[in-house]
Amino acid sequence: MPKESGQRSLVIVESPTKARTIERFLGKDYVVKASNGHIRDLPQSQSEVPLKYKTAPWKDLGVDVDNDFWPLYVVPASKKAHVKELKELVKNAKEIYLATDEDREGESISWHLLETLKPTVPIKRLVFHEITKEAIQHALENPRDIDFSLVEAQETRRIVDRLFGYRVSPLLWKKMARGLSAGRVQSVSVRLLVERERDRIRFRSASYWGLKATFAKNGENFETELTYVGDRRVAMSRDFDPDTGLLKEKDGLFTLSGPEAEKLRAEVLAAQAKVASVEQKPFTRSPAAPYVTSTLQQDGNRKLRLSARRTMTIAQQLYENGFITYMRTDSTTLSNEALQGAHKYIGANFGAEYQLPAPRQYQTKVKNAQEAHEAIRPAGEDFADAARVRQQLGPEAGKVYEMILRRTLASQMPDARGTNIVVIVEAGSGRFRAAGKTVEFPGFLRAYLAGEDLTAELGGHEKVLPSMAANDLLKTGEVDAQERHTQPPSRFTEGALIRELERLGIGRPSTWATIVDLVLSRSYAFKKGTALVPTFTAMAVVGLLEKHFANVVDYAFTARLEDDLDAISRGEADRNTYLRSFYFGNGHPGLKALVEKGEESIDPREVCGLPIGKTEDGQEIEVRIGRYGPFLSMGELRTGVPDDTPPDYLTVERAVEMLEIAAKGPEALGEDPETGKPVFLKAGRFGPYVQLGEAEEGVKPKMASLLPGMAETEVDLALALRLLTLPRVIGPHPETGEEVLAANGRFGPYVKSGEEIRSIPPGDVSPLDITLEKAVELLKQPKGRRGRAEPAAPLKELGPHPGTDKPLKILAGRFGPYVTDGEINASVPRGTAPEDVNMEQAVALLEARALRIAEGGGKRPVRKKASKKKATKKAAKKRVAKKAKKTIKKA
């Protein structure tokens with residue numbers, strides 16, 4: 001049946017934010033709807049498997065491995081209502097545009113939409129790497145078909161991950177502990193952390209001495225480092241073997257001892273210092289390429305202390321609001337539009353001397369074709385100002401955008417030029433070295449300097465030495481003899497792990513943040529500061545995989561799999577050939593054979609043990625992975641290991657100490673004067689705590705954790721008894737009469753009265769000492785979200801609502817500015833500056849939003865406390881509609 005001329009085109013994207021942004025660029029002839037990610041996937045549980053496949057031998061996998069790896073796709077229960085809504089929209093559309101992202105994942109989402117919705121009208125695929133009016137218009141004028149090679153590559157990756165996870169994880173449950181998981185890339189990433197930790201465990205520190213001397217020329221001081229004694233070079237950290245702590249090569253090296261360093265210090269102080277040589281070399285420094293996904297995540301972690309996931313969430317927000325180009329890319333190329341925009345911005349903000357005569361080009365190092373073919377940069381030709389982004393999306397988004405803007409501009413600015421200076425000073429038998437640098441033309445560095453005082457800000461890039469020439473005499477200042485120690489290899493941070501995965505060719509732009517998330521969420525690593533520390537469980541799992549699945553966790557093998565997926569995405573390789581080789585083998589054991597062999601040969605007693613070493617009398621100490629976590633074992637002795645214990649910390653000496661303490665049991669700090677029961681200081685899985693009395697059958701003794709920042713050494717009987725008073729009643733609330741409590745909980749100290757709970761800020765008063773007045777003051781403060789900063793100030797305060805007297809404000813939200821009366825939120829239309837919104841417009845926006853809620857077209861943004869009585873969904877809907885209608889009536 002032909003469609004009526006009044007029908008509109010349907011555009012489907014992944015997210016509501018992207019839908020709202022695109023909708024503003026399209027006229028009334030288009031309806032834009034979000035799919036909310038994938039609308040179907042492999043079954044996550046047996047309950048999702050259709051009845052006719054319940055008895056299939058492959059039902060647990062969701063993939064028929066004997067039938068060309070046919071995947072069983074199902075629409076999850078949570079997506080069925082949405083799919084039904086999309087089908088209704090398809091019925092009334094004259095044509096369908098699938099406008100999901102232009103990578104493998106986006107192509108796959110479009111294909112699943114096509115397969116599930118089964119439209120009978122024309123289907124077109126829209127691709128764009130930035131959400132601007134020009135880019136959307138260009139995409140509409142140049143639609144294409146779905147790229148089935150990209151779809152097959154994504155489907156192959158999904159099947160491989162399913163086969164690996166669903167075949168290897170149950171083996172870990174059986175041989176080691178329930179709840180463990182394995183993943184094709186996740187396990188390789190954990191192996192990187194484990195190998196670095198093994199390096200730290202093998203590490204033997206070496207000590208050596210050096211001299212630091214300050215000299216002066218014409219009253220200007222400069223610092224130097226001892227490099228030679230006579231003709232022999234002084235040993236430095238890099239000269240020692242990290243595994244033995246001994247010098248790698250002794251010939252020609254001089255190792256200072258403490259007495260020798262002090263003797264040389266006295267000699268230097270007594271001698272006349274002079275300049276032996278001055279060497280000046282010009283340098284040029286070129287800017288880094290524009291951001292790709294990996295470098296953006298690394299800098300987000302290094303510069304802004306953001307996790308990879310948080311960086312990508314903000315980048316997605318910037319992209320969907322039209323501020324940057326597509327954020328999952330491994331290309332460093334900039335389009336002509338970007339080059340023109342950067343050239344114009346540089347001229348307007350920095351001057352003509354910072355403009356390049358011809359664009360600077362960067363060579364993309366990767367060959368896979370499935371990702372977007374432009375670097376991450378500000379969208380359009382007229383780059384948005386960072387202040388505008390901060391105002392619309394908040395300070396965090398503003399910082400990430402500013403980082404992207406500066407990197408893009410710097411890539412199209414001249415090299416920085418300057419001079420490196422090396423000065424050698426002789427004093428007695430010692431030769432000292434000083435290095436300096438001056439910047440003559442900042443070039444691209446100007447993009448990173450925000451202020452007007454260029455000379456002052458360049459100080460961070462310079463180290464200026466006094467003007468000197470050979471044979472100049474110098475005045476000797478302080479000379480310090482310093483003992484130094486070699487340091488173990490640094491652990492990976494999130495950014496460093498992503499950089500290493502990229503170097504090895506493992507993972508792709510769309511997967512790196514997810515990989516890090518999985519490693520942290522599956523009990524395989526924890527954070528110590530910014531460092532990723534593998535757990536003992538991770539050490540054991542990697543040991544099992546290395547021994548029984550060596551190919552699967554081999555770096556080169558995993559990288560080749562990624563290259564094979566890229567070849568499938570380019571149409572150069574066959575999906576089924578790849579999957580058969582991976583699962584059944586082809587000249588090497590496949591995953592199926594490895595799992596079957598592991599079922600027979602893996603000994604749980606062997607793989608669950610991690611040797612620590614032997615005691616002086618030859619007793620073996622090991623950490624074992626048990627049902628409730630890792631524990632130490634030596635003969636008949638056992639004791640638990642706290643979850644946050646770094647593996648390199650647990651030496652033989654520390655292990656023996658822990659086992660001896662466990663063997664004799666905790667020593668009592670003293671007796672509680674009220675009950676006569678002993679008070680113990682114990683170490684538990686989640687840290688140290690105090691306990692009143694012994695555990696009795698059916699009765700749990702009273703326990704209290706130490707407060708944050710409290711050391712075990714400072715806990716005596718008096719402090720332990722005070723800790724055991726928590727939670728303590730401070731007194732009645734002066735306004736409500738309810739008791740006010742001070743306590744120490746899972747997330748730190750807090751105060752509570754009735755249903756109101758507020759955290760006690762770190763560094764503030766202790767819950768042991770907090771007064772009633774201070775507690776009431778905290779309880780009066782607005783409730784915040786744990787771990788988040790205080791709410792930002794309103795962008796604009798409009799005053800009381802003319803109908804309800806509720807204060808109307810414009811706030812910065814995750815998806816842009818919005819008007820709120822405290823109960824209903826309404827987005828400020830794109831293109832409208834928050835400061836330009838008046839009371840009349842705000843009321844109209846809230847009325848339209850309230851009406852939409854009443855008609856069932858939107859959800860309440862502010863959650864109310866749930867009623868104690870369980871109401872039906874229908875009744876809840878009626879209440880929302882009734883409240884919304886009242887709001888409209890009052891207005």
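Trainee: Leaving aside its neighbours within four places in sequence, which residues is Ser 411 in contact with?

Mentor: In this predicted model, Ser 411 touches Pro 287, Ala 288, Pro 290, Leu 334, Arg 360 and Tyr 362. Ser 411 itself belongs to helix α12, residues 395-411.

Trainee: What makes Ser 411 count as buried?

Mentor: Set the value against the cut-off. Buried means under 20% relative accessible area. Ser 411 has 0% relative accessibility, so it counts as buried. Across the whole protein, 46% of the 891 residues are counted that way.

Trainee: How about Arg 305 and Asn 36: why is one called exposed and the other partly exposed?

Mentor: Exposed means over 50%, and partly exposed is in between that and the buried limit of 20%. Arg 305 has a relative accessible area of 58%, so it is exposed. Asn 36 has 37%, so it is partly exposed. Arg 305 sits in the loop between α8 (293-304) and α9 (308-320), while Asn 36 is in the loop between β2 (30-34) and β3 (63-64).

Trainee: What makes the phi of Asn 36 worth a remark?

Mentor: Most residues other than glycine have a negative phi. For Asn 36, phi is near 60°, a positive value in a residue that isn't glycine. Arg 305 also has a phi near 60°.

Trainee: And how do you know that the peptide bond from Leu 726 to Pro 727 is cis?

Mentor: Look at omega: the value is near -5°, and the bond is cis. Most peptide bonds are trans. Pro 727 lies in the loop between α22 (717-723) and β25 (728-732).

Trainee: On to helices. Why is α3 called roughly perpendicular to α5?

Mentor: Helix α3 (residues 104-117) packs against helix α5 (residues 148-175) at an angle of about 100°, and their axes are 8 Å apart. Angles of 65 to 115 degrees count as roughly perpendicular, so α3 gets that label relative to α5.

Trainee: Which residues of α3 and α5 meet?

Mentor: From α3 come Arg 104, Glu 105, Glu 107, Ser 108 and Trp 111; from α5 come Phe 148, Leu 150, Val 151, Ala 153, Gln 154, Glu 155 and Arg 157. Sorted by class, this contact has five nonpolar, two polar and five charged residues.

Trainee: Why are α5 and α19 described as roughly parallel?

Mentor: Their axes cross at roughly 5° and come within 11 Å, with α19 covering residues 591-601. The limit for roughly parallel is under 35 degrees, and therefore α5 and α19 earn that description. On the α5 side, the residues that meet α19 include Leu 163, Phe 164 and Leu 171; on the α19 side, Leu 591 and Val 595 are among them. By class, the contact has six nonpolar, one polar and five charged residues.

Trainee: Which members of the largest nonpolar core touch the most other members?

Mentor: Phe 128, Leu 318, Ile 324, Tyr 401, Leu 409 and Phe 549, out of 147 residues. Helix α5 turns up again here: it gives the largest share of this core, nine residues. There is also a second, separate core of 24 residues, which includes Leu 211, Phe 215, Phe 222 and Met 468.

Trainee: What does Leu 318 contact, apart from neighbours within four places in sequence?

Mentor: Phe 323, Ile 324, Val 389, Leu 393, Ala 397, Val 400, Tyr 401 and Ile 404.

Trainee: Now the sheets. What makes β21 and β24 edge strands?

Mentor: Four strands form an open, antiparallel sheet in the order β21-β22-β23-β24. β21 (668-671) and β24 (702-705) each have a single partner strand, so one side of each has no neighbour in the sheet.

Trainee: How do you know that β21 pairs with β22?

Mentor: Count the bridges. A pair needs at least two, and β21 has three to β22 (residues 678-684), in the antiparallel sense. Within this pairing, Gly 670 stands opposite Val 679 in β22.

Trainee: Which strands form the open sheet that has β17 and β20 at its edges?

Mentor: The order is β17-β18-β19-β20, with antiparallel pairing. The edge strands, β17 (609-614) and β20 (637-640), each pair on one side only. Four bridges join β19 (residues 629-634) to β20, and Phe 631 has Gly 640 as its bridge partner in β20. Helix α16 (residues 536-548) packs on this sheet, touching β17, β18 and β19.

Technical notes: Residues are numbered from 1 along each chain as its sequence is written. This is a predicted model: local features need pLDDT of at least 70, side-chain atom pairs count only at pLDDT 80 or more; totals for chains, interfaces and linings use all residues. Side-chain values use heavy atoms; hydrogens and water are left out. Axes are lines fitted to C-alpha atoms, for helices over the stretch in contact, and angles run from 0 to 180 degrees between N-to-C directions. Helices (H or I, at least four residues) and strands (E, at least two) are DSSP runs, numbered from the N terminus. Angles under 35 degrees count as roughly parallel, over 145 as roughly antiparallel, 65 to 115 as roughly perpendicular and the rest as oblique. Contact means heavy atoms within 4.5 Å. Ala, Val, Leu, Ile, Met, Phe, Trp, Tyr, Cys and Pro count as nonpolar, Asp, Glu, Lys and Arg as charged, and the others, Gly among them, as polar. A nonpolar core is a set of buried Ala, Val, Leu, Ile, Met, Phe, Trp, Tyr and Cys residues joined through side-chain atoms within 4.5 Å. Buried means under 20% relative accessible area, exposed over 50%, partly exposed in between (1.4 Å probe, protein chains only).
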